[in-house]
Amino acid sequence: MMKLKFMKQALLMAGLLLSTALAAQQKITGTVTDSEGMPLIGVNILEEGTTNGVISEFDGSFQLEVAEGARLVFSYTGFESQTIDVGNQTTINLALREGTTLDEVVVVGYGTRRKSDLTGSLVSVNSDDFDKQPLTRIDQALQGRTAGVQVTQTSGAPGAGFKIRVRGANSISGTNNPLYVVDGLVVGDINSINVNDIESLEVLKDASATAIYGSRGANGVVLITTKSGKKGTAKVELNTFFGVSEVIQELDVMTPAEFAEGVNFAEGKEFYTQSEISALRAGGGEDWQDRFFDSAPFSNYQLSVSGGGEKTDYYISANFYNADGTIINQNYKRYALRANVNSNVTNRLKVGMNVYGSREENTGVRANLATGLTWDLTTPAYRDNGDYNFTPIKPGIGNGSVNPMLSIDNNVRDNLDHQFIGNAYLNLTVLRGLTLNVSGGAERIDRTNNSYTSILINNIGNARVYNQEIARYQNTNRLTYTNDDNANHRFQVDAIHEQQLVTNIWTESAADGFFSDNTTYKNLGLGSIQRNSNRSTSESLQSFLGRVNYTLLERFLFTASVRADGSSKFRKENRWGVFPSGSIAWRLSEEGFVKNSSAIDNLKLRVSYGITGSQGIDPLATRAQPILDGSTGLSGINYPFDANNATVGVAPSNRLANPDLTWEQTAQFNAGFDLGLWNSKITLSLDVFQKNTTDLLLDVFLPEFVGPTVVAQNIGEVENKGFDIALGINPVRTEDWNISAVLNVTRVQNEVIALVNNEPIEKGNAIVGGTPVNPTRVEVGQPISAFRGYIFEGVYQQGEESAAAEFNRSPGDAKYRDVNGDGIISPDDIVTIGDGNPDLTWGLNSNISYKNFDLNFLLIGSHGNDIYNLQRGRMMALGSAQFHATHGDYRNRWTSTNPSNIPSGRDGTEFLSSQFVEDGSFVTMKNISLSYTIDNLLQGIGLNSIRLFASVENLFIITDYTGFDPETTVTGNSDVDIGIDYNAYPLSRAISFGANLTF
């Protein structure tokens, strides 16, 4: 009986507790709008102190069950967060105030920070800044939107890479690429990453921001954060666009008839009769630009699904991009898949995983524009029966190469790149304020390059198969303690251990001497001569780092960090490098004499200094490696002891081992301020900086009697100094209108301070065969890349016969300055004649919205940079392999009746001269997009919204440069010979139309 009575009482008590708990829950509904009454979608509404929350729907509405006495926190990017006491309310309608970006959280190295708490120099690009444009590459998202960062599209080929430089180039021999970090994982290649998956891009610029990455932060750091799902119902997005690309502008090339007249003039005799010239004028010959260039269609398809529940969110996407090249016979395809999942397992434990995979296909052998645009204009590519004209109809015309269409039509190129990036993490709250984050990940790149040169080209056929496997493994363990209980003293301490392993394996097989083109590279065994080579390297890095962030009285901010890196590239005694940094900031806007200002809502001064490093050498660079036949361009080491088969030979290294090699180091000072006016309707950030890179890893050439002739040493210094400015305005924001713009301006002055014995060194490529010197040289007192050549002073005119005769020349010949006054024009008269580095770069990104219409445009500019137009030089008949001029400028060649400054004859010796150095300054409308959004009318059919848009990339270019365009160069990612235009793939103008559908 007692037992039964106890059970009844327990049940009664449980019922009372349950009814009390149920009564304590209350349902809150409402709507969130901006200050003009426009609904806001995606506002985070969170019950304070819990994980209970939702996001607002398309019309701004929400509903949420909360505990009695709860407080709701409303937060949305670009608006001030607000906290509301629920009390006995059941309906809450809230208008969020447009706020400053000070409370915006941005990604920094190993964590996040509020913008208001930053002490270093960082620039952030959110997906909202570029999602109105149909982008396919990450460089398109960064270019023109990031002060202090120069982004260059080095080639117009579909799927081509790009070049990113943060505050100039530091290293002469090593890489100047920034460090790329995707969701916390360091990766080696971001070219294939789907830009449609990116949530934000942060670029760390000064040493305070980059020193946390130690030996890898000297060139700046690009942090890429990909999208995650949001709590709420599943969101399905389908984005697609398609369009066509064309070369922006063509070169001025003579007509076939003009070319024939030029040949007659140059040869001094009638190669072409007047009847032949008349036939050419009537439509004969070949327009090689028309033959090489074509309209190139492209298309992009992106499907994503995202959402989340109380504990787990997800984002899954698939992308396909397909583009032809504007030069015929080029195609690029990219397939990409991504899955990001995050889960709050408990209130103390959060786990997540990001997985990405891509496949790139590059096919087709493109035209060699250097030789193709200088081939015989009077010989058609094909005969009437469709056969090739293998050589010019008249021997010795144009240049010495075969019909350029032979390689395009018959050679084979099939390149495949597979990339996998995967990482996982767990975030554990150990104690109040103490968090442990453990992450691990891997990147795998599998690259296959297959090529075949037809028998029609060289009579034997050449096949090559190249396979490369690159793997990166990383583990990061971070312990973070945060104490913000006292508003006057807030601090955060990070202690981190990180380790990384990189392996690189490549194998190359080649064969020559095929009896047929049928199998191309697919059966190397059919070649009569076969060669194989392979290599395997590995490198590892162990790192320990610590960082302290301290805020005093909400006004004074301090950050200090130190990182120790141990690299396997160096010997044990020099393996470890230590890289410290420190920065301070003063938020004057929190001081009483500024805080009460109605105009200033943010004013912060910043100063930082730190040291970063670079290990830009090969894994075995400190050692002397034996030479195998052909491995360093040498041959004859293999020897046929039996007079038939050669035995593999090995020779002593031509490099002297140097166990004392150690890190390049970059010390950087930065001072700047951030200003916000009138509720951030105007924002301004200005930074001035100076960074000096010392202990450069350079090759020193030794006397031949030493034996080895080269040794790597730590010698030399490079300096970069300048400023970068970011000015933002948002003057109009009403119910119907929203106008905003951001102007970024960057100036970097690059100078070589010291070299080995301060003697100039040639690091660039010769570019054009037969030239006496490289077009560029690294020289003390000049930028890393300075143009070299003769000083062109025009053309000897009539009446200057005696002056011309002193140099064995005649009127009509080019006139060059005798710099050393020895009475002859020789390589000793070659001097610095130009600089490919710009004095100033800028970008203007603007958005104009009216009701459902959105207009976005991006203008970029570069000023003060020179371009070495060697393409024009060859087309003017210079160079040992060129016989006759094809460029339109040759129409205006010097004659006795036309005293111009265009030389009348070939002059292969002085190919490199200031005659071909041109001003490369330009302003271009990089992208302009117009879109219209349809929303409320479509919800009945399950379609939340549809955005229709039209876009033009490279709408116009304003420049005095006479080449295809002033942006692309043949030197790609190199910094020692930038600004060279020779056989470069021109940029294109792309017109596209598309639609974004949200379900």
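Arg 216 counts as buried in this predicted model, because its relative accessibility is 12% and the limit for a buried residue is under 20%. Its side chain meets that of Glu 498 in a salt bridge, with 2.8 Å from N to O. Glu 498 counts as buried too, because its relative accessibility is 2%. The two partners lie 282 residues apart along the chain, with Arg 216 in the loop between α3 (207-210) and β16 (221-226) and Glu 498 in strand β25 (residues 489-512).

Strand β25 also holds Asp 494, whose side chain forms a salt bridge with that of Arg 547 at 3.2 Å, N to O. Arg 547 belongs to strand β26 (residues 529-552), and this pair links parts of the chain that are 53 residues apart. Both Asp 494 and Arg 547 are buried.

A further pair can be followed from Asp 724 to Arg 167, whose side chains meet in a salt bridge of 3.1 Å, N to O. Asp 724 sits in strand β37 (residues 717-733), whereas Arg 167 sits in the loop between β12 (163-166) and β13 (179-182), so that 557 residues separate them in the chain. Asp 724 is buried, with a relative accessible area of 1%, and Arg 167 counts as buried because its relative accessibility is 1%.

In general, side chains of opposite charge can pair when their charged atoms come close. In this structure the count comes to 44 salt bridges. Some of them share partners, and in this way Asp 117, Arg 490, Glu 554, Arg 587, Glu 590 and Lys 595 are joined into one network.

Definitions and conventions: Residues are numbered from 1 along each chain as its sequence is written. This is a predicted model: local features need pLDDT of at least 70, side-chain atom pairs count only at pLDDT 80 or more; totals for chains, interfaces and linings use all residues. Side-chain values use heavy atoms; hydrogens and water are left out. A salt bridge is a side-chain nitrogen of Lys or Arg within 4 Å of a carboxyl oxygen of Asp or Glu. Helices (H or I, at least four residues) and strands (E, at least two) are DSSP runs, numbered from the N terminus. Buried means under 20% relative accessible area, exposed over 50%, partly exposed in between (1.4 Å probe, protein chains only).
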